[in-house]
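Q: Please take a close look at one part of this model: a spot where the backbone takes a less common turn. Start there, then work outward and connect it to the rest of the chain.

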Amino acid sequence: MIFDVLTLFPEMFDIFSYSIIKRARDNNLIRLNIYNIRDFTTNKHRKVDDYPYGGGAGMVMQAEPIYNTVDYVKNIYGYKPYTILMSPKGEVFNQNISKELSNINHVMLICGHYEGIDERIMPLIDREISIGDFVLTGGEIACMAIIDSVSRLIPGVLSSNESFEDESFYSGLLEYPQYTRPEEFRGMKVPDVLLSGHHENIRKWRRYESLKITYKRRPDLLKKIDLSNEDMKMLEDIKNRKKEK
Ligand SMILES: C[S@@+](CC[C@H](N)C(=O)[O-])C[C@H]1O[C@@H](n2cnc3c(N)ncnc32)[C@H](O)[C@@H]1O
């Protein structure tokens, strides 16, 4: 998968020179191309922003350098990649959007900064995405969160023992609790079932714990998934136990 990123702060993306994403880049599973929007200005001071028309605080990124950068990328490939604008006004990112994007071969992500970007870049944009109902200083951190989350869904990026299928949100539920060695730590023991080697009981325990934490913390998620008969029975039990407490 190819990610083309347009930003005023390319150095921030050095974070992708570490860990799993580095390995994925080294193995050519993902390609990350960072373009500095400032390199595509036509004025001698390499200025990329200006005061907002109508007045008000802050500076607004100009449309021209962004169009120039997009034209440059278009010339490389002969088409404009699916283009996403990082924006607090966009649809809120989640695992389903991440899965959708992982099926697109090539995306271009535009990071705003300062007070925002001249509205006239909108004809370039296929989708606006926010990473939550809060305002960041720039789109870079949002863009990194999206690249990271999408990359780990690309086949081969995670090794088999780093699989994402059981993780929170993938199946629509939050993940069950995880434990590793030692069996006892500061008086806290690993649940017996996980030491039993009985795969079916372990599967059931994990499903039950997933349903329990989802019911407790994110009951809204339960309305969005198909529950099996086994799930319904488990949920009934979870609710009854809660009432008893
Ligand atoms: C300070 S923000 C601009 C906020 C804008 N004035 C507003 O009120 O909607 C600068 C840039 O950060 C990025 N950004 C800020 N918050 C974001 C969020 N929650 N999700 C994605 N990008 C965000 C966007 O690219 C935005 O253009």
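A: **Starting from one tyrosine**

Y114 is partly exposed, with a relative accessible area of 34%. Keep in mind that this is a predicted model. The label follows from two cut-offs: buried means under 20%, exposed means over 50%, and partly exposed is in between. So Y114, at 34%, falls in the middle class.

Where is Y114 found? Look in the loop between β6 (106-110) and β7 (127-130). Now check its backbone. Y114 has a positive phi of about 60°, although it is not a glycine. Why stop at that sign? Most residues other than glycine have a negative phi.

R46 also has a positive phi, of about 55°, and is not a glycine. Its place is in the loop between β2 (31-36) and β3 (49-50). R46 counts as partly exposed because its relative accessible area is 36%.

One more backbone detail deserves a stop. The peptide bond from R181 to P182 is cis, with omega near 5°. Most peptide bonds are trans. P182 lies in the loop between α4 and β8 (184-185).

Stay in that loop for a moment. S163 is found there as well, between α4 and β8. S163 is partly exposed, with a relative accessible area of 35%. Now follow the chain from S163 to P191, which is 28 residues apart from it. The C-alpha atoms of the two are separated by 22 Å.

Step back to the whole chain. It is divided into domain 1 (2-160) and domain 2 (165-244). How far apart are the C-alpha centres of the two domains? The distance is 36 Å.

**Charged pairs**

Next, turn to the side chains. The structure holds 15 salt bridges. A few of them show how such pairs can be placed.

Take D71 and K74. Their side chains meet in a salt bridge, at 4.0 Å from N to O. Both residues lie in helix α2 (residues 63-77). They are 3 residues apart, which is about one turn of the helix. D71 is partly exposed because its relative accessibility is 34%. K74 is partly exposed too, also at 34%.

E209 and K212 are another pair within one helix. Both lie in helix α6, 3 residues apart, about one turn of the helix. Their salt bridge spans 3.6 Å, N to O. Are these two residues buried or exposed, or in between? E209 is buried, with a relative accessible area of 13%. K212 is partly exposed, at 36%. The reason for the split is the cut-off: buried means under 20%. E209 at 13% meets it, whereas K212 at 36% does not.

Now compare the setting of D231 and R207. D231 forms a salt bridge with R207, the closest N and O atoms being 2.9 Å apart. This pair links distant parts of the chain. D231 is in helix α8, R207 is in helix α6 (residues 199-217), and they are 24 residues apart. D231 is buried because its relative accessibility is 3%. R207 is partly exposed, with a relative accessible area of 23%.

Salt bridges can also join up. E91, E100 and R127 are linked in a network of them.

**Patches on the surface**

Finish on the outside. Which residues gather in a patch of positive charge on the surface? They are K216, R217, K242 and K245. One of them, K242, is found in helix α8 (residues 229-244). K242 is exposed because its relative accessible area is 53%, and exposed means over 50%.

There is also a nonpolar patch on the surface, formed by M12, F134, L136 and I141. Together these residues have about 350 Å² of accessible area. Within this patch, I141 lies in helix α4 (residues 140-151). I141 counts as partly exposed because its relative accessibility is 48%.

Now return to the start with these pieces in view. Y114 sits in the loop between β6 and β7, with its positive phi of about 60°. R46 shares the positive sign, at about 55°. The bond from R181 to P182 adds a cis peptide in another loop, the one between α4 and β8.

Technical notes: Residues are numbered from 1 along each chain as its sequence is written. This is a predicted model: local features need pLDDT of at least 70, side-chain atom pairs count only at pLDDT 80 or more; totals for chains, interfaces and linings use all residues. Side-chain values use heavy atoms; hydrogens and water are left out. Patches are made of residues with over 30% relative accessible area and no salt bridge: like charges are joined within 9 Å, nonpolar side chains (Val, Leu, Ile, Met, Phe, Trp, Tyr) within 5 Å. Accessible areas come from the Shrake-Rupley method with a 1.4 Å probe; for residues, only the protein chains shown count as cover. Lys and Arg count as positive and Asp and Glu as negative; His and the chain ends are not counted. The place of a charge is taken as NZ of Lys, CZ of Arg, CG of Asp or CD of Glu. Helices (H or I, at least four residues) and strands (E, at least two) are DSSP runs, numbered from the N terminus. Buried means under 20% relative accessible area, exposed over 50%, partly exposed in between (1.4 Å probe, protein chains only). Domain bounds come from an automatic or database domain assignment.
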